[in-house]
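User: I am new to this structure. Please take a close look at one place where two helices pack, and then show me how it fits into the rest of the chain.

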Amino acid sequence: TQNDFISEYLAHRDAYLDVILDSEKFATTGICETCQCKDSSFRCTTCTGDHSWCRPCLLESHQSLPFHKIQFWNGKCFEDVTLSAQGFIWHMGHGGKSCPCYGVGQSHLDQDSSVIIVHSSGVFTHNVSWCRCPGSHHEHHLQLLQAGLFPASITRPRTAFTFEVLDHYLIDALECKTSAMSFFEKIRRLTNNAFPDAVPDRYRELMRVSRLWRDLKNRKWFGFGHDMEAPPSAGDLALFCPSCPQPGINMPLIWEQKWLVMRRFVVDGNFTAQHMNMRQPQLDVFLSDGLGYMVTDGDYQAHLASAMESKERSSCSNHRAVNAANTNRSNLRATGVGATACARHGCFVPHCIVDFQKGERQVFFHLLNLDYSICNAIKHAAGNIDNSLIIYDVGCQWSLNFTQRVDNCPGLALPDNTEIVAAVGKFHLSAHKLACFARYSLNFIQGAGQVDGEILETLWAPFNKISPTARSMSQAHRQEILDDHMRNSNWKKLVRIVKTLLRKYKRANKGIEDTRVPFEELTGSLDVIKVRAWEKDEEKAKEERGEHLNIYQLKIDKAPTMAEIRLKLTESEYADTGRLGSISWLIDGINIEDSQYVVSSYILMLPKDASAVQRAAVQVKRQKLAARISKFHEIADAMTEGIEVHAGTEHMDDIRFCTTDVVEEVREAADIEDVLEEIDEEVPAEAMGIWMPSSVLRNEALALGLHTLQAEELELRKGQANDCLEKLRQALGHKAIIYRQHFRSADSTWTGTRSKQEALRCRIKIEKCVRRYQRARGSMQRLGADEDTLRTIYQDIQPHQLSVDKEVTEENRYGQGSDRLAWFWRVNNGHDSQEDVWMDEFYRVNWLKAKARWQRWEEELRLVQHEMGWTVSWFKYRMEEWDQRYRQATKPGHQAYAHRQVLLWGRFALDAENSFKDKMIVVV
């Protein structure tokens, strides 16, 4: 562990400190290691190893190392000095050597310029000698560029930044969210930590140069240093998702299965990314307006100007996006940004990021903000794909008049034959009205797979760290910063896409395994005719959607009233069989076990200060029960033909299924038990062991000839277990409807208390069924029931399986994609509940949702397999694109860079192909 390594260090801490302090001494002999004749007084802390030079040899050895840090030995210690102070001159254009065009005897100082150069290790001041060779660039700023230095100005450059420090700054800004001020302060402290103010301040120059460097890097990366004929257009300096379907790029132009290639977008707003009003916006200079992820400002403003506001009421819940629509801050040019990203992989769509003026105004105001973003996203690399899934927090309101808004606004346009399916993210859907659930849930949309629609929420977190910095920038600078961070976010998604898809592939296979078997078991237990009717409803809902999707909601009018529930619980309290012979005797024994439970429960519910009448009633119940047990054992002697058998079985109830209220009563009833035991010191009737064939071990029963009785009891115990499971299912369904119809909607204390009492009665009934089932199952185990039967049909019941069914109480809850019914809902139940209208409705909704869960996982697997193929094709497309640029390039530098890109994308493609082997589906 980390602590182990730190503990190990403590033993060597003093030795480490001694070695570090020892490095401060003058370690050499005092003779220059190069010329071996002069005294050495200089060393370099950047070079590796212990070296010492005289001044001429120092300058010669560092002619190509201008950013090394030098120290001078003053006789007692080393002190920092600069190369320029020792006479170092940086010659441009000749590998560190003097330009041959200088005349003999001409002083270089006549042509020198002092330039401040910012490097990743500090700020340096150097004397620069410019090249004067014919045919070379005489402009000083171009000579600096050739030397790997970016000039801060063009006419008379006196400050330059190394390419390395600019790359460091961009990576720091992207990965660590470092501001330009903080980054340059770090450079100043690296230069002189004791007196940083003595270091020249080049913060403003860094701000300006970093923008230019970013612009050049992007144009180089996207091939516009090679494709010089046409300038980049909207979104051309943006990276998109390699795994999303893009006809003509990573998939064929025509595809038959529409649901498979449906565009899947998630839309959301970020109100942290604000922007303040500028004092002189007319002076702002854009370097890449609309070329990245932010939309072109001029076109967007024209769209906003042409929009006529038409406020409408929201018919759904009062969401944050709606509230934010009313924000009005006079000091803000933008109150946030709205974005569209691919819903499956979280990549921002190019040229789709818009600024908000009054929050997500499209919720109330037509023709604004996110309509513009969504239209651009649908058009991006769409090809012949007509279907789009749009997931938005308030999709139920946004989608109502979207088509009309597009038709009426000149700034909005969609491809012909576009079909849009609106949905709400799974987390946000739980806050909507129940009516939105079936129509906008991703669980019931063909082709949605296992997407949750909330991935943009995770992408906003890193953006919130840069929002305070970008808030006061100029509009152009802020646009470049946001573009850069979105480009970086997409790049990181691209780099990790292979691992992401492999993880999704594994998860999809497990999801299918977890949902297919429960669905098939549930289907097999239901009436075939009803299942066929449900399938027809499902197909109609899939094709026509709209109100037909309401099949996924419970029809609450079918649920029984509270009085009917109480009647059912009362009527199912006892059952009389009237069977004769051994079967009648065995049934009588099972009934006696139940009677013992009834008497025990009665005693436990007695108050602490039980009256004489109550105590007498206990004795009467015990006497009657004891008489039944005695008669039962007399018949047992006849049934076993006088065989001497062991004592009967005493069943112990599982404390996990004892109602909390009853447990409290058990503690309070301790004194009652003491009193009752004083009255009768014999074993009370409710605690007596009942001898049954299951009381004898299987091997002994065979020897005693009791195997026939055991076989009969085994069948009866199975019937007992089946009865218990059926009553348990009904009681759970009744409890769920009480919570939904009465408990959650109680409008008074009296109603709420009454509902709680009804729920408690259901709970007691449920736990009674479970304990009775456990007794039956325990007897089946002793009677030699085979392990497969106990493992698959008569399983053990766990407390968490007895929760109120959320398909009834929380239909629109978050996290339904992995739901599954407890095993006892799927075993031999569908045919036994045909007369219960409410249970039939319960099974209908659960069957439909179980099938939808399984289908979404099946879709997820197919989608992931095709996405693997699309990813490989996308990498190969980029490789071929750069290979074409390589063949068309005429300059050596252009050819070298293009071939380097060919190797890069080729490596991506090869790695993906090897990782996806035997998994992906490729369609040519």
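Analyst: Helix H5 (residues 163-176) packs with H17 at an angle of about 75°. Their axes are 10 Å apart. An angle from 65 to 115 degrees counts as roughly perpendicular. H5 and H17 are therefore roughly perpendicular to each other. This is a predicted model.

Which residues meet here? On the H5 side they are Ala173, Leu174 and Glu175. On the H17 side they are Asp484, His485, Asn488 and Lys492.

Follow H17 further. Helix H17 (475-495) gives two or more residues to the largest nonpolar core. That core has 59 residues. Among the other elements giving two or more are helix H16 (455-470), helix H18 (497-524) and helix H31 (892-915). Strands take part too: E12 (336-342), E14 (387-392) and E15 (419-423). Helix H30 (837-888) gives the most, with eight residues.

Some members of this core stand out. Phe348, Ile353, Leu389, Ile391, Leu442, Leu456 and Phe875 touch the most other members. Take Ile353. Leaving aside residues up to four places away in sequence, Ile353 touches Tyr293, Met294, Val295, Val337, Gly338, Ala339, Thr340, Phe348 and Met486. There is also a second, separate core of 56 residues. Tyr300, Cys347, Val424 and Ala438 are included in that second core.

Now set another helix pair beside the first. The axes of helix H6 (residues 180-191) and helix H7 (residues 203-221) come within 10 Å. They cross at roughly 120°. H6 and H7 are therefore oblique to each other. Their crossing is right-handed. From H6, the contact uses Ala180, Met181, Phe183 and Phe184. From H7, it uses Tyr203, Leu206 and Met207.

One single helix is worth a check of its length. Helix H22 (residues 612-639) has 28 residues, so at 1.5 Å a residue it should span 40 Å. Its end C-alpha atoms are 40 Å apart, which agrees. Buried residues in H22 are Val618, Gln619, Arg622, Leu625, Ile629, Phe632 and Ala636.

Last, the whole chain. The protein chain has 31 helices and 15 strands. Of its 924 residues, 48% count as buried. Consider contacts between residues at least 6 apart in sequence: 75% of them join residues at least 24 apart.

Methods: Residues numbered from 1 in each chain as written. Predicted model: local features only at pLDDT ≥ 70, side-chain atom pairs only at ≥ 80, totals over all residues. Heavy atoms only, no water. Core = buried A, V, L, I, M, F, W, Y, C linked by side-chain atoms within 4.5 Å. Buried < 20%, exposed > 50% of the residue type's maximum accessible area, 1.4 Å probe, protein only. Helix = DSSP H or I, 4+ residues; strand = E, 2+ residues; numbered from the N terminus. Contact = heavy atoms within 4.5 Å. Expected span 1.5 Å × (residues − 1). Axes fitted to C-alpha atoms, helices over the stretch in contact; angles between N-to-C directions. Parallel < 35°, antiparallel > 145°, perpendicular 65-115°, else oblique. Left-handed = near helix turned anticlockwise from the far one by under 90°.
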